[in-house]
Amino acid sequence: MMTAFFTSGQVVDLILVLMALEGGWLMGYHQRTGRGLPVPAVLALLLPGAALLLALRVALTGGAWVWITFWLIVSLAIHLLDLRNRLR
């Protein structure tokens, strides 16, 4: 049962849903209170991790290495943009 949960990629789907809920809560909290992180900062934190999870999902489901590489590069690019913005 757990083997199928992992090899089907459903574990990644679950984590992505939880991350989306977290992001939505963080953005909503900021809108309601003015405290916390602004929307771009929340996205900069969550998107690289989501891209890494998508690379993991492709790997777990036996997808092509090209797609794994694509999601890893997307993650790196978003992370580097976030670093650049933080270091300004």
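These exercises walk through a predicted model of one protein chain.

**Exercise 1. Describe the fold of the protein chain.**

Start with the elements. The protein chain has four helices and zero strands. Next, read along the sequence: the pattern is α-α-α-α.

**Exercise 2. Compare the protein chain with a compact globule of 88 residues.**

Take the reference value. Such a globule would have a radius of gyration near 12 Å. The protein chain has 15 Å. Then turn to the box filled by the C-alpha atoms. Along the principal axes, this box is roughly 45 × 30 × 10 Å.

**Exercise 3. State what share of the residues is buried, and describe the exposed surface.**

Buried residues make up 19% of the 88 residues. The protein chain exposes about 6,200 Å². Carbon and sulfur atoms supply 74% of that area.

**Exercise 4. Classify the aromatic pair of F5 and F6.**

A search of the whole structure finds four aromatic pairs. F5 and F6 form one of them, 5.8 Å centre to centre. Their planes lie 90 degrees apart. Planes over 60 degrees apart count as edge-to-face, so this pair is edge-to-face.

**Exercise 5. Do the same for W67 and F70, then place the pair in the chain.**

The ring centres are 5.6 Å apart and the planes stand at 80 degrees, so this pair is also edge-to-face. Both residues sit in helix α4 (residues 65-87). They are three residues apart, which means about one helical turn separates them. Now check exposure. W67 is partly exposed at 49% relative accessibility. F70 is partly exposed too, at 39%. Last, widen the view: ring pairs link W67, F70 and W71 into a cluster.

How values were computed:
Residues are numbered from 1 along each chain as its sequence is written. This is a predicted model: local features need pLDDT of at least 70, side-chain atom pairs count only at pLDDT 80 or more; totals for chains, interfaces and linings use all residues. Side-chain values use heavy atoms; hydrogens and water are left out. Helices (H or I, at least four residues) and strands (E, at least two) are DSSP runs, numbered from the N terminus. The radius of gyration is taken over C-alpha atoms; the globule rule is 2.2 Å times the number of residues to the power 0.38. Buried means under 20% relative accessible area, exposed over 50%, partly exposed in between (1.4 Å probe, protein chains only). Accessible areas come from the Shrake-Rupley method with a 1.4 Å probe; for residues, only the protein chains shown count as cover. Rings of Phe, Tyr and Trp (its six-membered ring) pair if their centres lie within 6.5 Å; planes under 30 degrees apart count as stacked, over 60 as edge-to-face and the rest as tilted.
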